[in-house]
Amino acid sequence: MMFNSFSGFNNDTSIIITKPFDFSNNGGVNPQFSFYMYRDNGFGAQDDHIRVYVNTSPSMSGATLLTNTATTDIIYRRNTGIPAATANTWNQYTYDLPAATYNQRRHYFIIMGVCRDGNNIYLDQVRTNTYPAATNAADVRFNISLQNGASVGTGIRNHMVVGVQCIIAGTSGCGVVNGALSTAVKLDSLLFNTNGTTNVLDIDDAKVYYTGGSVQFDTNYVSPFPATAGTDDYPARKYGQIIAVPGTNLDFINAATSCFYLEYDTTYFWLAYDVKATATGGNFVDADFRGASVGGTPGFCPSPGGTSTPVVPDPTGFSIAGASQIDLPYCVGTYTVGTSWLNGSYTNNDYVQSVILAGVAPTVINTNIGASNNNFGLPTNLACYPTCDFTAHPPDYELWPAVPGRTVVLTQGVGYSITVQAGTWFSNNNIAAFIDYNRDGDFADFGEKLGTPFGTPNQVNLLANQSATIAFTVPAAGYTGVTRMRVREVYASSNIDPCAQYTFGETEDFTIIISPSCPVGYKLWLGNTDDWNNPANWCGGVPTITDDAVIDANQVFPIVPVGTPTRPYFKPTIKSNILANCNNLTISAKDTLIVNAPTPSTNSLKVKKDLTNNGRITVISSFAANVTYSNGTLVNNIYTPFKAQSTDARTQIIYTQAELTLAGLINGDKISGIRYDVATKDSLGALFGFTVSYALVPFNQHASNVPYAGPFTTVYGPVAYSTVLGTNTIMLTTPIIWDGSSNILVQYCFDNASNVGSADDRINITQTTGLKSTLILSSTTNAAAGCGLVFGAGVTDNFFSGLNSFRPNFTFLVDRPYGKALLTIQEDWINNGFFTPAYSRVIMDSTILQTIGGTQSTTFNELQLNKGSAAQTVAMLRPTIIDTSLILTQGSLLMNTNTLTMNNPALSGGTVTAPTGPFARTNGFLISESAAATVIWKNVNTIGYRLVPFGSEAIAAPVFIPFSTQLSGGTLGDLSVSTYKA
């Protein structure tokens, strides 16, 4: 190791604190601490030196200064200082410690270096002899400690996902490793899952790496322990097996040829994935920590069943918010101290306190308001906690999510100003900002370090809490779309590098969108996301009713081949409760407009003038999915609602709002069925009174073994219910309806007179990270009605009066009800492409002449005329097809020698003058002015009455001349009818 006293300032001081050593079993033998130090003959007048201290805690507070066997408490770097040494040689220095005094389980050695403007100080082979007591498995704690928020590229190997901290505390010693006589604690398993990963098919090998006491992820850790073989193995750089095909659960278990004895005090493990070259950009990779097991039979790997001690993380130790997005693999420069100045107290430290950048209205980055900061890993005793302006060390890095207030749209060729604010260190707070203008995954190109004038690197040097502005201009040409902005604070650096390692500071990254210089006269769709109502998706902002709107990939990607996206390009989607307005709307041949609104606005789309569709318009009005909640392969017979060996049972399982949302469910979704697999069937008869019910609840886990008492909505049963080996599906009598914000508690219960099997029907289970989601009560004495069981009086809590986070694997069959999407057109419908109407109504709504035309015929689900008067018209310029209904509220539909096909064979209702059904009328008319203008009513085969509301050809004042038919028997097939002047 080296103390940089050559480059340091006079009187700079630095300390190195060793890991703790256990002397509690010294048996009267004095412990020794020793190291080698290089003594040179340079800078003979400069007294660079070291001192050695010992303490029972890792700090200088209360530390004892030691005297070495050369009888000095100081060692100078220069060989002529005390103690004297031969020039330019390595010399060993030893410290004897009285056994009677140094007999505790934790002793930390502290080497303090002091700079006197001389040469560097070099130390090597630091060692001590230890006399350890045994390690107690009950003193081992595992918790997740770090979440990697940095993006990751496709094809990247060993991408660190989460870090886990192991602490051996309490009364434990560090133990010894000696086969079956080992007293150190052995790690038997580490358990993760892939929660938060968008698609597990994006990842290959999952691995766990070990870095000892280093809090920095590294795949090349070198153990300080002697190399061994077989069951006496000390920690190695990799733990357990490689999981080649990751699934929901990741269970790492040590191999039979190698044990893994834990180091003393604090060490770190890291879960890493290989990201496939074919991974989907924009998806996320993530993981949660489920727990560990330690302390199995010494010398045996894996441990014999039942000999390990499970380690359950703390309530906050299962998961940390965030994930790595599959994107360009941007570097993340590291810091040795980062934001944690003053021995990890985070007091008066270096960081980015705020960033403000106003872009195309209304987009703005302002970290002073809005979304909360990422404070995971910070000590809870900080005055600012939990709303501190900085993140923990490590990683001293924050990738802000692209949410309002944390992302911005910038236009090519336009000048902007970014305002940055320093943290609380008193001076030399240097801050620089970078934008990856050409989106090549770095910030190294000309002009990407923002400054004034354009292209000149610039940064600001600030006092504590001071702000400054950096002006810059976005290049007038080049890449447009989503890219990355970086703001970096570094102490005392005159030219900040975006990727280099520094001592103090913090890095914050933001998503920005570069918009082309907007065309004059219309708003152009950019397709950075799929949301019509997001201003980042339109050149010039979201269109209003007075703005023409154009959806045209050729204009967004003009470079040959024209219209071929050079980045992710999303189709515009009109979502629930959004009213999309515009003046004229034009859709190019390469583009598609989607309406996907389960709860549509009064008008999903309103076009004041013409809608010209050269590509596609697709209305989506159905959604069905099978959503699996838990698909782990863990085995335990008690976690099942189908408890055949009980007379009565009551199972309550909670599904959280967060996981329902993550699976894609939205407000109003209906769960119509529940599917599960019976892995082992031991029931010999039916479960009587079997009932499934649910409740929407505010709590996300069970607080005790007292079941939720309701009210419940019954969705299945009570029935005599039998399972089958393999896949089972319960089709609910009425659906479970989710409100989008509550947690769902599902209850299964039954009430038998006696048991129907010697064992329960087993369903595989999965651990829900950190949540006590399952409660099961049962009775073997027919104690009470199954659906009313409570603990006590012959009723057993199947988790032994505790709770657990394991949950049986169930799949929900989900249906989504859709409201009718309304598309209002106030001039011409021009269809030169394709229209998928689904469950929608197109409304022709104005006081002027409108047309239904284009090069292609249009099929409408519903078509409505809602004109200003009966004399106002809509003219068909092409044959038209209607799937459900033609609604003539007011105005005349001129067939104009074209056919109108009605696919709905239903009967008419209402009255002659005001019919309902496939042809509905209030004050409107269907004008067939010639024999060619034929209404073709398909499949008229049902007995009953039908009416077509024709009007006369006198457009200024049409006369109602309905055609009606009464089918009293047989079939007509397709009915064709027209009217014309004789």
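Five strands each supply at least two residues to the lining of the second largest pocket: E12 (187-193), E15, E18, E19 and E49 (765-767). Of these, E18 gives the most, with four residues. The model is a predicted one.

The pocket has a volume of about 850 Å³. Its lining counts 41 residues. Leu 191, Ala 292, Ser 293, Pro 310 and Phe 806 lie nearest the centre. What is the chemical make-up of this lining, in nonpolar, polar and charged residues? It divides into 21 nonpolar, 15 polar and five charged residues.

**The sheet at the pocket**

Strands E15, E12, E18 and E19 also belong together in an open sheet of four strands. Their order is E15-E12-E18-E19, and the pairing is antiparallel. Which strands stand at the edges? They are E15 (249-253) and E19 (309-311). Each has a single partner strand, so one side of each is left without a neighbour in the sheet. On average, neighbouring strands of the sheet are turned by 15° against each other, direction ignored.

Look next at the pair E18 and E19. E18 covers residues 288-294, and three bridges join this strand to E19. The two run antiparallel. Across this pair, Val 294 stands opposite Thr 309 in E19. Both E18 and E19 are among the strands that line the pocket.

**The chain as a whole**

The chain has 982 residues, and 52% of them count as buried. It holds two helices and 70 strands. Along the principal axes, the C-alpha atoms fill a box of roughly 130 × 85 × 45 Å. How much of the contact set links residues 24 or more positions apart? Such residues account for 75% of the contacts in the chain with a separation of 6 or more.

**Backbone exceptions**

Most residues other than glycine have a negative phi, and most peptide bonds are trans. Four places in this chain depart from that pattern and are worth a look in the viewer. The table gives the angles.

| Site | Feature | Angle |
|---|---|---|
| Ile 82 to Pro 83 | cis peptide bond | omega near -15° |
| Tyr 385 to Pro 386 | cis peptide bond | omega about 10° |
| Arg 439 | positive phi | phi near 45° |
| Asn 896 | positive phi | phi about 60° |

Take the cis bonds first. Pro 83 is found in the loop between strand E6 (75-76) and strand E7 (89-96). The bond that leads into Pro 83 comes from Ile 82. Pro 386 lies in the loop between strand E23 (364-366) and strand E24 (397-399). Its cis partner is Tyr 385.

Now the positive phi values. Where does Arg 439 sit? Its place is the loop between strand E27 (429-435) and strand E28 (460-462). Is Arg 439 buried or partly exposed? Its relative accessibility is 21%, so Arg 439 counts as partly exposed. The cut-off for buried is under 20%.

Asn 896 is in the loop between strand E61 (880-894) and strand E62 (900-902). This residue is not a glycine, yet its phi is positive. With a relative accessible area of 35%, Asn 896 is partly exposed.

Methods: Residues numbered from 1 in each chain as written. Predicted model: local features only at pLDDT ≥ 70, side-chain atom pairs only at ≥ 80, totals over all residues. Heavy atoms only, no water. Pairing = 2+ DSSP bridges. Axes fitted to C-alpha atoms, helices over the stretch in contact; angles between N-to-C directions. 1 Å grid on protein atoms, 1.4 Å probe; cavity = no way out; pocket = protein on both sides within 12 Å on 5 of 7 lines; lining within 4 Å. Points joined across faces, edges and corners; volume = space filled by probe spheres on them. Nonpolar A, V, L, I, M, F, W, Y, C, P; charged D, E, K, R; others polar. Buried < 20%, exposed > 50% of the residue type's maximum accessible area, 1.4 Å probe, protein only. Contact = heavy atoms within 4.5 Å.
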